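The following exercises are intended for a reader who wishes to practise the close reading of a protein model. Please examine the sequence and the structure before attempting them.

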Amino acid sequence: MSTTGTDRAAGLGVLLAACVSALVVNANTSAVTILLPAISEDLSVPVDTLQWAVTGYMLVGAAVIVTSGALGDVFGRRRIFLGGLVLFVASCVLIALSDGAAGVIGGRMIQGAAGSTILACGMSLLSVASSGAAQMKAITLWGAASAIGAAAGPLIGGALVDATGWQGLFWLDAAIAAACIPLTLMTVTESRDPNRPRSIDWLGTVLVAVFLVPLVLALSKSGDWGWLSLPTIGCLVVAVLGALGFATAERRAAAPLVDLRLLRNRVLVGSTIAILLVAGVLNALMYLFSLYFQDPSTFAMSPLVAGVATLPAAAAMIAVTPLITPFAMKIGPARAVGMGFALAAAGAAGLAFVTASWSYAAFVLPMIAIAVGLGVANGPASSASTSAVPADQVGQASGISNMARYVGGSLAVAGAATVSTGVTTSSADGGASPADALAAGLAGASVLLTVMSAAGVALIVLMRRHRAEKTTAAHRAAAAAGVSHTIPTRPVETRRDR
């Protein structure tokens, strides 16, 4: 039966299970980049290799996030949510016990599947357990928990590295996720969608990976292989074939991951590209800063201090959240997105002039400009991605935007890491000091982030017909949580069958 109609509030157990798990997943995701230098030193693994602990997580997340929601609809949302929790605990244990790169990277890829499953099914459980205004309150709390986790992750990770070693983060996350398992079993009722086709688009899921993995591999290794080398060209050809195969498979699938007809919606396309760019620039920026700030040749910060050093970005995004939707209503969502990306481009352009002589204080203003700009662009884009489609298409639109978020993060981190490493190596080979070479690498990667941000300004063309909705708490939560997950700004009709 439908959940629309009379308001129905979600029970405390459902709220706790969904919100706590979302907080843990997002904190874990944002904390890992702070841990990379410590993991690299402890395991004697190059940081360039450990980049796959970040990109691999996002690659798997992109392939799985829509599929996990479909599995919940067919086989039971609570069952799949519990499976995600168990997988998350197992991945944390695997990473914490690892003595080499394979365990860390493999564990993080498993964690990508687990995290995306927890987020997708947690949202579904809240939507089923509540309706109307009560549903929006529950989802607003879920969004706030996601935002808090993403903001606090670097601080928590840095503190745990100093206190317990890098493994401490994963042991703590495993314990909290494990505690959510009996809570879910005792308090959450099973539900399914009786009207959804039982077919699962496994081929589409595989083809997402066939497209993304060789593309990220080409971006990551092109500096070593050369852009015109046979391995790079081969990876790009496989990626193109994967993309074409995915488009063909989606047209034929009974229940496709992506309903390609939705891509006729210019606002949805524009907002999805905006979300991809925001996630890409933000994840790449945090990756670059966490390594630069901790390098012995530059600031030699401890993980905790590096986490504090990135705090202005998180604080700035949180501070502007209440202002984003009113601002978008005043000037229009399209202009807000364009102005946000313009500000982010200006901040990234400032970082393109970084030198080894810069003090930490010199980084703060560009960091805040980028964070505020991305926050301003992300808020209306996240809201538009679900409000620009009919109610029965909100789930599909949300899935598309969430997939784009993972894709953007994986591609941008890989690209920024490649540029930074290539420029750093070239500068060092030319006789530059380690500090000067690292600064040149950061500057080169910042040029890439500038281009990405500047490209977002053009999205005004696609989003200009969209009109902002009246500001509610859900819009503020969507703006805050939008860097990690898209949440709807109006009640969602979710089918359930107990």
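The exercises below concern a predicted model, and each is followed by a worked solution.

**Exercise 1. Confidence**

Task: Determine the average pLDDT of the protein chain and state what share of the residues scores at least 70. Then assess residues 1-5.

Solution: Begin with the chain as a whole. The average pLDDT is 88, and 92% of the residues reach a score of at least 70. Next, consider the beginning of the chain. Residues 1-5 have a pLDDT below 50, although the model gives this stretch 16 contacts beyond near neighbours in sequence. Finally, apply the general caution: where pLDDT is low, predicted coordinates should not be read in detail.

**Exercise 2. The nonpolar core**

Task: State how many residues the largest nonpolar core has, and which of them have the most contacts inside it. Then list the contacts of phenylalanine 341.

Solution: The largest nonpolar core comprises 141 residues. Those with the most contacts inside this core are Trp166, Phe170, Phe289, Phe293, Phe341 and Leu374. Now take phenylalanine 341 and set aside its neighbours within four places in sequence. The remaining contacts are with Ala274, Leu277, Val278, Gly373, Leu374, Ala377, Ser453, Gly456, Val457 and Leu459.

**Exercise 3. Helices α2 and α3**

Task: Describe how helix α2 and helix α3 pack, and classify the residues of their contact.

Solution: Two packed helices are described by the angle between their axes and the distance between the axes. Helix α2 covers residues 47-75 and helix α3 residues 77-96; their axes are 6 Å apart, at an angle of about 135°. The angle lies between 115 and 145 degrees, so α2 is oblique to α3. On the α2 side, the contact involves Ser68, Leu71, Gly72, Asp73 and Phe75, which meet Arg77, Arg79 and Ile80 of α3. Sorted by class, the residues of this contact are 3 nonpolar, 2 polar and 3 charged.

**Exercise 4. Helices α11 and α12**

Task: Carry out the corresponding description for helix α11 and helix α12.

Solution: Helix α11 spans residues 311-331 and helix α12 residues 333-351. Their axes come within 6 Å and cross at roughly 115°. From α11, Phe327, Ala328 and Ile331 meet Pro333, Arg335, Ala336 and Met339 in α12. The contact of α11 with α12 has 6 nonpolar residues, 1 charged residue and no polar residues.

**Exercise 5. Two threonines**

Task: Are threonine 33 and threonine 55 buried or exposed? Locate each threonine and list its contacts.

Solution: Threonine 33 belongs to helix α1, residues 12-43. Its relative accessibility is 9%; because this is under 20%, threonine 33 counts as buried. Leaving out residues up to four places away in sequence, threonine 33 touches Val54, Met286, Tyr287 and Ser290. Threonine 55 is placed in helix α2. With a relative accessibility of 0%, threonine 55 counts as buried. With residues up to four places away in sequence again left out, threonine 55 touches Val216, Ser410, Val413 and Ala414.

**Exercise 6. Positive phi values**

Task: Find where serine 44 and alanine 300 lie, and give the phi value of each.

Solution: Serine 44 lies in the loop between α1 and α2. Its phi is positive, about 55°, although serine 44 is not a glycine. The relative accessible area of serine 44 is 66%, so this residue is exposed. Alanine 300 sits in the loop between α9 (266-294) and α10 (303-309). Phi of alanine 300 is near 50°, likewise a positive value in a residue other than glycine.

**Exercise 7. Separation in sequence and in space**

Task: Give the C-alpha separation of glycine 11 from threonine 187, and of glutamine 396 from threonine 310.

Solution: Glycine 11 is found in the segment before α1 and is partly exposed, with a relative accessible area of 36%. Glycine 11 and threonine 187 are 176 residues apart in sequence, and their C-alpha atoms are 7.9 Å apart. Glutamine 396 lies in helix α14, residues 394-429, and counts as partly exposed at 25% relative accessibility. Its C-alpha atom is separated by 34 Å from that of threonine 310, with the two positions 86 residues apart along the chain. Beyond residues up to four places away in sequence, glutamine 396 touches Pro256, Leu257, Val258, Asp259 and Leu262.

How values were computed:
Residues numbered from 1 in each chain as written. Predicted model: local features only at pLDDT ≥ 70, side-chain atom pairs only at ≥ 80, totals over all residues. Heavy atoms only, no water. Core = buried A, V, L, I, M, F, W, Y, C linked by side-chain atoms within 4.5 Å. Buried < 20%, exposed > 50% of the residue type's maximum accessible area, 1.4 Å probe, protein only. Contact = heavy atoms within 4.5 Å. pLDDT = per-residue confidence, 0-100. Axes fitted to C-alpha atoms, helices over the stretch in contact; angles between N-to-C directions. Helix = DSSP H or I, 4+ residues; strand = E, 2+ residues; numbered from the N terminus. Parallel < 35°, antiparallel > 145°, perpendicular 65-115°, else oblique. Nonpolar A, V, L, I, M, F, W, Y, C, P; charged D, E, K, R; others polar.
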